[in-house]
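Open your viewer and keep the selection box handy. We will start at a single residue and then zoom out.

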Amino acid sequence: MESIHDSVLAGRRICRSFSGNQVLFDVDLVLRAGEVHALLGENGAGKSTLVRILAGYLSPSSGDVLVGGEQRQYRSSGEAESDGIVMIHQELALADQLSVEENIFLGREIRQGPFLDRSAMRARCREALAALESDVDPRQRIKELSTSDQQMVEIAKAITHDVRVLIMDEPTAALTEHEVQVLFALIARLRERGVAILYISHKLREIAQIADRVTVLRDGRLIETGLASAYDTEELSRLMVGREITEMYPARAVVSEQAPVVLEARDIVVPRAVHHASFSLRQGEVLGFGGVVGAGRTALIESILGLRRRSAGQVLHKGQPVIFRHLRDAVRHRIAYLTEDRKGKGLVLNMGLRPNLTLMNLRDYCHPLIDRRREDQAFDAAVERFDIRLRTQASTVAELSGGNQQKLLLAKVMSIDPEIVIINEPTRGIDVGTKQEIYHFIRELTDAGKSVILISSEMSELIGLSHRVAVMCAGVLTGILEEEQISEQEIMQYASGIKGVGADEQRRA
Amino acid sequence: MSNVVPEHKSSKRGTVSIDFKTWGPFVALVVLALLGVLINPAFLGLDNLANMLTRSAFIGIIAVGATFVITAGGLDLSVGSMAAFIAGVMIILMNGVLEQFGPGLVTVSIGVGASLILGVGAGFINGIVTTKGRIEAFIVTLGTMGIYRSLVTYLADGGTLTLDWNVRDVYRPVYYDSLLGIPIPVWVFLFVAVTGYILLNYTRFGRYCFAIGSNEKVAEYSAIHVDRVKTLTYVMQGVCVSLATIIYVPRLGSASAATGVLWELEAIAAVIIGGTVLKGGHGRIWGTVVGAIMLTMIGNILNLTDAISNYLNGTVQGIIIIVAVYLQRAAWRKGEP
């Protein structure tokens with residue numbers, strides 16, 4: 001079997017508790033030089049805790065962290081970094097107002113005497129960005145960059161370290177398809193240089209593509225570890241969830257030809273984001289929205305809902321022209337919107353679970369003072385209906401796992417009892433089991449005669465759930481695919497502007 | 001480079017720190033009161049207590065308003081100048097209508113009405129400029145603070161505006177009289193505090209203040225009219241300033257450029273001592289009330305003793321503010337997951 005002594009980094013019998021609540025139980029993990037090791041598990045399985053322990057951000061309650069076979073007790077992540085163990089965070093940890101190069105060398109600036117050696121830092125920064133095929137300017141401020149560029153900077157920051165172990169927690173969540181491929185090429189190069197890579201992802205397809213070995217955690221326990229080639233994706237899902245995942249996507253509900261149009265957008269223009277987009281949504285249908293990150297899907301939807309300004313265009317609700325000046329107006333028409341930015345826009349992290357649940361529809365709990373008992377009842381009902389798992393009495397949302405946060409957010413927007421539900425990236429950073437629950441929930445919605453708009457960057461999700469798929473590319477709605485037209489290849493071609501409306505202009509641009 | 005989070009955070013310690021966060025201001029108040037009794041038994045005299053509460057009413061009432069503004073992530077630096085300006089206008093107006101209506105209830109009512117209108121208006125201006133203009137509250141209220149201060153100086157022509165003696169005689173009881181043995185200003189303070197408590201903890205408005213102070217984006221995406229709620233907090237602040245001014249004017253019967261100087265900082269100090277988070281998202285009305293009483297109590301205790309010069313009032317207050325917040329922060333840190 002594998003020996004801890006020829007490993008670069010290993011955890012031995014690691015346990016960890018948070019205020020009396022144990023989240024890791026005797027977990028072993030061995031990382032060898034030059035391997036890509038995938039760490040799998042559902043949300044809340046303890047993956048993030050484990051890697052934070054290995055990277056020196058947390059100390060284990062018991063058990064050892066070993067580097068090259070020697071025991072280490074890190075007091076800070078800086079000590080782990082000087083051992084060559086670097087972690088790229090799921091949540092970007094960059095200083096907004098500093099430039100790219102200042103961020104990359106933050107805390108370890110190259111100096112000449114007492115002064116900063118800016119040219120040396122810029123040169124090394126350029127090198128790292130070039131390796132990532134990124135065209136980010138080192139002098140740009142972080143806040144001027146897109147999320148995917150920020151992610152690239154975070155990765156560049158890691159590889160400018162003298163890195164022996166690179167830990168990546170969901171690195172591709174905010175990346176475009178092309179950037180993902182670049183990242184994978186980089187991972188391959190690092191692996192050849194003997195760097196060990198610990199890779200956390202929920203995208204099993206990615207795992208199959210790059211991982212040498214996999215380790216599966218469930219409920220804080222080590223379930224299995226072995227060669228990646230020994231498992232197929234169904235097997236891995238089963239190990240993660242602990243049960244067989246059958247019918248990931250439920251069969252689509254039938255939409256009758258006569259189903260009325262409930263929402264229609266005509267010629268929507270959002271400055272610098274959307275050019276003359278039109279679409280309609282029929283009752284009981286799931287209308288998918290495909291395209292790469294930044295194609296203007298969110299801008300289009302948010303401009304309809306009154307969250308963004310649009311410079312032209314008309315919206316019709318059940319045939320009647322409407323103007324939503326504020327999201328409240330849309331809510332009054334029973335339209336619910338689930339944002340893609342769960343933590344930044346969806347939930348108040350430092351607030352309790354109940355107030356978060358009722359925030360959107362607080363009116364219903366007031367007569368005129370807030371009725372806390374009814375809030376509690378609503379919360380218990382939501383826990384039941386959306387299967388929110390509370391292992392402990394979490395007092396704030398921040399303490400919930402990503403999947404449970406997403407369910408709570410879903411419960412929150414559903415509290416207005418909507419007729420139209422617009423869901424933006426509902427499964428970003430979410431495990432297989434929760435994904436399946438959300439897919440079935442969408443099916444229940446359409447069964448109940450509600451209509452759904454689904455914005456997603458996950459191709460299989462669009463294909464598996466949508467009756468029709470609208471595809472956008474660089475602000476242009478290039479086409480709406482129906483029935484057998486809906487395939488990965490078609491969506492890709494429309495999303496890259498090779499096919500569909502405005503294809504010629506796209507090519508010229 | 002973050003430090004390793006150590007593991008020893010048993011649930012036991014968690015509850016201790018939470019309790020401290022809730023009860024800290026009250027504990028501090030009791031300790032301070034005990035100190036007062038030790039220094040001079042006269043401290044506990046009914047006259048002294050009533051006097052102290054009456055004095056703390058001004059800052060206290062203003063601070064209750066400030067609790068809403070700060071909880072919703074804002075700040076209002078203009079309250080002291082606003083109070084001076086409102087007091088000045090009230091006096092001019094009441095003196096002006098004196099001939100027509102005589103020194104009676106009508107004249108005083110006109111003054112009180114004007115005060116409320118000015119308070120609502122001034123708060124509305126702060127709110128609307130902050131929200132619609134997308135300017136930081138600090139900058140906007142720094143501006144209005146200068147404006148109101150200079151306006152009152154201008155109205156008083158650099159001197160002092162004095163309320164006509166006849167009107168003052170009618171108006172006097174509002175500050176000096178008692179109801180059921182409790183001075184009127186204390187009743188007003190109590191009324192404002194109870195109303196504030198209910199508003200903050202049991203209404204949509206209060207819940208929205210918490211949400212907006214924690215994360216404005218989330219509030220916006222929860223279909224909350226963020227600008228409206230924020231503006232409303234400034235309007236409430238204005239009303240509180242107006243109420244404080246209404247009970248302040250009969251006390252001295254005058255207003256000048258020196259009226260209400262540094263009240264804004266005392267109000268903010270009271271809010272912070274009470275456990276409201278300065279950057280928003282968490283507010284506590286009773287904490288604020290205790291904070292306001294504590295600030296007055298410090299001055300009162302120093303008055304009763306010769307051990308520390310009365311001129312060092314600010315020093316003691318300053319130390320207490322810093323220590324109070326330090327203790328709260330330490331509690332916050334321990335409470336983190």
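Select Glu425(A) first: in this predicted model, Glu425(A) sits in the loop between strand S19 (420-424) and helix H15 (432-447) of chain A. Helices (H or I, at least four residues) and strands (E, at least two) are DSSP runs, numbered from the N terminus.

Is Glu425(A) buried or exposed? Glu425(A) counts as buried because its relative accessibility is 10%; buried means under 20% relative accessible area (1.4 Å probe, protein chains only).

Now add Ser457(A): its side chain and that of Glu425(A) are joined by a polar contact of 2.5 Å. A polar contact is a pair of N or O atoms within 3.5 Å; within protein, one must be able to donate a hydrogen and the other to accept it, and residues adjacent in sequence count only if both atoms are side-chain atoms.

Leaving aside residues up to four places away in sequence, Glu425(A) also touches Arg297(A), Glu340(A), Gln406(A), Ile455(A) and Ser456(A), among others. Contact here means heavy atoms within 4.5 Å.

Next, select chain A, with its 18 helices and 22 strands. Of its 509 residues, 58% count as buried. Its C-alpha atoms fill a box of roughly 70 × 55 × 45 Å along the principal axes.

For reading the labels, residues are numbered from 1 along each chain as its sequence is written, and chains are lettered from A and ligands numbered from 1 in the order written. Local features need pLDDT of at least 70, side-chain atom pairs count only at pLDDT 80 or more, totals for chains, interfaces and linings use all residues, and side-chain values use heavy atoms, without hydrogens and water.

Notes. Buried < 20%, exposed > 50% of the residue type's maximum accessible area, 1.4 Å probe, protein only.
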